[in-house]
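Take a walk through this fold, one sheet at a time. Keep the structure open as you read.

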Amino acid sequence: MSHSKPLGHDDVSGFEFAREMLDGNPTAAVNIERIQHHPDKGFIIFEYLKCEQRDDVNPHTSHPSKYWDKNKSKFLSLWRIARALNATLYLVNYADAGTRDSDMILVIEVLDMDENGITRESVTQHTRGSFQQFFRALNTECLGEIPCPLCGSPMVKRKGPKKEFYGCKQFPTTGCTGKIFI
Ligand SMILES: [Zn+2]
């Protein structure tokens, strides 16, 4: 595998450029917050739904069905794109770090949707820590063959005393200690 430049971190300047170019016209586009390709699962789309701190709702109890009419064109567009790509669509309820509900995250995997709402779904409640673990593991799997951060050799999955990690394949021969924790 050739070692291309790693993908950049999240950057919103492209959205701002498009908005400037539209100069006030309504957009026909839908912004996808995150799309990545997994070697086994295919494309995965993430849409993050931020919950403001309110007494009557938190990330574990909020659901697009509660504000469907307001946002349905976005959800329907995302679902159409997911279907066209045969992708997995995850809607993720979260709250900002440091707020009351920051430790509650809900992952809604959309299995079917129609004009009136999500009709089939698989829902998983997470803590911030367990979501991070799920998210990082998925991301690492999507990277495919990962180069060692120290020597650039491929890395292999290994089991540590506490958790799995990727270690440098060259470790037995060169003693390279390059590691990436999942
Ligand atoms: Zn190495």
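Strand 7 and strand 8 are joined by three bridges and run antiparallel. One of the pairs to look for is F165 with its bridge partner F181 in strand 8. On this predicted model, strand 7 also pairs with strand 6. Strand 6 covers residues 155-159 and strand 7 covers residues 164-168; their pairing is antiparallel over five bridges. V156 has G167 in strand 7 as its bridge partner. The two strands make a hairpin, with four residues between them.

Put these pairings together and an open sheet of three strands appears, in the order 6-7-8, with antiparallel pairing. Strand 6 and strand 8 (179-181) are the edge strands. Each has a single partner strand, so one side of each is left without a neighbour in the sheet. From one strand to the next, the twist averages 30 degrees.

Now step back to the whole chain. A domain assignment divides the chain into domain 1 (13-144) and domain 2 (147-182). The C-alpha centres of the two domains lie 32 Å apart. The C-alpha trace spans about 60 × 40 × 30 Å along its principal axes. The chain holds four helices and eight strands. Read from the N terminus, the elements run α-β-β-α-β-β-β-α-β-β-α-β. Of the 182 residues, 19% are buried. Take the contacts between residues at least 6 apart in sequence: 48% of them join residues at least 24 apart.

Start again at helix 1, residues 13-22. Is this helix buried or in the open? Of its 10 residues, the number buried is zero, so helix 1 lies largely in the open. D23 follows helix 1 and has a positive phi, near 50 degrees.

Next comes the other sheet. This open sheet has five strands in the order 1-2-3-4-5, and its pairing is mixed. Strand 1 (34-38) and strand 5 (117-126) stand at the edges. Each pairs with a single strand, so one side of each has no neighbour in the sheet. On average, neighbouring strands are turned by 25 degrees against each other, direction ignored. Inside the sheet, strand 2 and strand 3 run parallel and are joined by seven bridges. F46 has Y90 in strand 3 as its bridge partner.

Which helices pack on this sheet? Helix 2 does, touching strand 2, strand 3, strand 4 and strand 5. The direction of helix 2 makes about 165 degrees with that of strand 2. Helix 3 (residues 128-143) also packs on the sheet, touching strand 1, strand 4 and strand 5. The direction of helix 3 makes about 55 degrees with that of strand 1.

In soluble globular proteins, nonpolar side chains tend to be buried together. Here the largest nonpolar core has 22 residues. I45, L89, Y90, I105 and V107 have the most contacts inside this core. The elements giving two or more residues to the core are strand 2 (42-50), helix 2 (68-85), strand 3 (88-94) and strand 4 (105-114). Strand 4 gives the most, with six residues.

Follow Y90 outward. Leaving aside its neighbours within four places in sequence, Y90 is in contact with I44, I45, F46, V107, I108 and E109.

Turn to helix 2, where F75 has its place. Why does F75 count as buried? Because 21 other C-beta atoms lie within 10 Å, and the cut-off for burial is 20 or more. Beyond four places in sequence, F75 is in contact with P64 and M113. F75 and P64 are 11 residues apart along the chain, and their C-alpha atoms are separated by 8.6 Å.

End at H126, in strand 5. H126 also counts as buried, with 21 C-beta neighbours inside 10 Å. Not counting residues up to four places away in sequence, H126 touches I105, V107, F131 and F134. I105 and V107 are among the residues with the most contacts inside the core. Compare a residue of the chain that H126 does not touch in this way: Q36 is 90 residues apart from H126 along the chain, and their C-alpha atoms are separated by 21 Å.

Methods: Residues numbered from 1 in each chain as written. Predicted model: local features only at pLDDT ≥ 70, side-chain atom pairs only at ≥ 80, totals over all residues. Core = buried A, V, L, I, M, F, W, Y, C linked by C-beta atoms within 7 Å. Buried ≥ 20, exposed ≤ 12 C-beta atoms within 10 Å, placed from the backbone. Contact = placed C-beta atoms within 7 Å. Domains from an automatic or database assignment. Pairing = 2+ DSSP bridges. Axes fitted to C-alpha atoms, helices over the stretch in contact; angles between N-to-C directions.
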